[in-house]
Amino acid sequence: MRYARRRQLVSALLLAPLLSGCFAADDNSSPSGSGADTRLRVALAFPPAENFSPYGSDATLLSRLGVTEGLTRLDGNGAASPALAESWRQENEHTWLFTLREARFQDGTELTPAAAATALTHAAQADPAPAALSGVKLTAEPAGKRQVRVTTADPDPALPLRLSSPSLAVLSAKAYQEKGTVDPASTATGPFALAQGGGNRATLDRFDDYWGGRARASGIDARFIADGTARTNALRTGEVDIAEAVPVAQTSSLDKDTARELATTRTTSLLLNTRSGPFKDPKVRAAARAAVDTAVLAKDVYEGHADRGQGVFGPALTWAAGKRVAPEGRARAARVHGTAITLATYDNRPELPEVAQVLQQQLKKAGFAVKVVVRESSRIEGDALAGKFDAFVGARNTMLDTGDPVSVLASDFTCDGSYNLALLCDKRVDRAVAEAGSAGEPAKRQDATMAAEAEVLRTDATIPLVHQRIVHGVRASVHGVLLDPYERTLIGPGTRR
């Protein structure tokens, strides 16, 4: 959508900043030009784990490659902004009305209120539910020629943020198949259509009828390369044009114009199993916290490409630092004498095994006997959620799933949380998160969020280690890469070489 058209919409948008503020592109590219007939070659770190289902971790692969879109998206300040919905308003505490823009799906069918409602209904009925809908009962129905009405069982002040989640992408009716399977191939609305995908490669072609204008690149050839060194070497040798998430150890080998660094809302944390094992005792958790030196991790492991952990939310969430509340009532550290623990992590992000090794030494010095387990992420996350480890090192983008910090606290640290790697169940935490979730006015919601964060930190269930900056490798001939602190986008209509 051109800038002039966006200006015409400003007066109609409620609670919705301009689309142009959603991300930082590396140049002032226009999405509507045709450019040369060239394809982009991209290396991504995580391969598809669920056959490109939009309801799991693969959802961000689709959004990063410019395939899928939702009703809203996040702007640079973490607020909801227009995507497939031009505007919206809250009718009452349970119901919101979204007005759709004129757009078409990649299979040629029109984006209608019925199509949008069908897509949201399928997401709401998915089993397991997408992380963005964890604990949320949602219904959607057409409401007039260009509107869709979304209703939640409980009041949800953050619904426009929630609908920005990549897992709530709007697909055409053709995408929804028997037995709950979803096929995003040529059924989305983005500037690129998934043509083929599987294993370690995917092919995408330009969608010429994209509502935002014809993409500059004719398509994308994506490779999924889990090994960070191999990913960087592919960039260095000219096999790919863009390599996401260059390991910090490889950053210095890139030309200055090739390394594109930005702060992200991703926090690397040490999560302690509060349900069973030694860390069930809060005093033992306090001993682990006291043993960890986050400055060493930020300086040595991340080579300065990270900030010391301050909380669940880092500096890329721009308002958090000024509202942070110090945790009160933490347990005193116990003395540990040879307490045996198992510390696990995954190697898709190459810094994490090194973080685990440094933590092993720091915890050993404090009296723990530490065994480290490292696997690929898809082979270890389920065991962590099942409580098979005493501690887990993970990197979590706190704005990735819902765009709502409260939802992250709910999913990661409450009794019924769907991604509760610490297996925490604490009444004070649940109460504080519920209070934050019920706050509607933005400033009050932010204050309540940071109060809830303090309650989480009080338990020592999580020890924030570093707030990550990410380095993407981008060849000098490539322009228009979307540098997104939320890690939801990478390739857009203006990305070209």
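**Aromatic pairs in a predicted model**

Over residues 81–419, the chain comes out as 24% helix and 25% strand, with the end C-alpha atoms 26 Å apart. This is a predicted model. That stretch isn't an arbitrary pick: an unreviewed UniProt entry lists residues 81–419 as "domain: Solute-binding protein family".

Now for the rings. Searching the whole structure turns up five aromatic pairs. One of them brings together phenylalanine 52 and phenylalanine 224, whose ring centres are 6.3 Å apart; with the planes at 55°, the pair counts as tilted, because only angles over 60 degrees count as edge-to-face and those under 30 as stacked. The two partners come from distant parts of the chain, 172 residues apart. Phenylalanine 52 is in the loop between strand E2 (39–44) and helix H2 (59–64), while phenylalanine 224 belongs to strand E11 (residues 219–224). Phenylalanine 52 has 3% relative accessibility, so it counts as buried, and phenylalanine 224, at 7%, is buried too.

Another pair is made by phenylalanine 279 and phenylalanine 368. Here the ring centres sit 5.8 Å apart and the planes meet at 40°, so this pair is tilted as well. Phenylalanine 279 is found in the loop between strand E13 (259–272) and helix H7 (282–291), and phenylalanine 368 is in strand E16 (residues 368–375), so the pair ties together parts 89 residues apart in sequence. Both rings belong to buried residues: the relative accessible area is 1% for phenylalanine 279 and 2% for phenylalanine 368.

Rings can have charged partners here, too: arginine 101 lies over the face of tryptophan 211, at 4.0 Å from the ring centre.

Methods
Residues numbered from 1 in each chain as written. Predicted model: local features only at pLDDT ≥ 70, side-chain atom pairs only at ≥ 80, totals over all residues. Heavy atoms only, no water. UniProt positions renumbered as here; feature names shortened; annotations may be inferred. Helix = DSSP H or I, 4+ residues; strand = E, 2+ residues; numbered from the N terminus. Phe/Tyr/Trp six-rings, centres within 6.5 Å; stacked < 30°, edge-to-face > 60°. Buried < 20%, exposed > 50% of the residue type's maximum accessible area, 1.4 Å probe, protein only. Lys NZ or Arg CZ within 6 Å of the ring centre and 35° of its normal.
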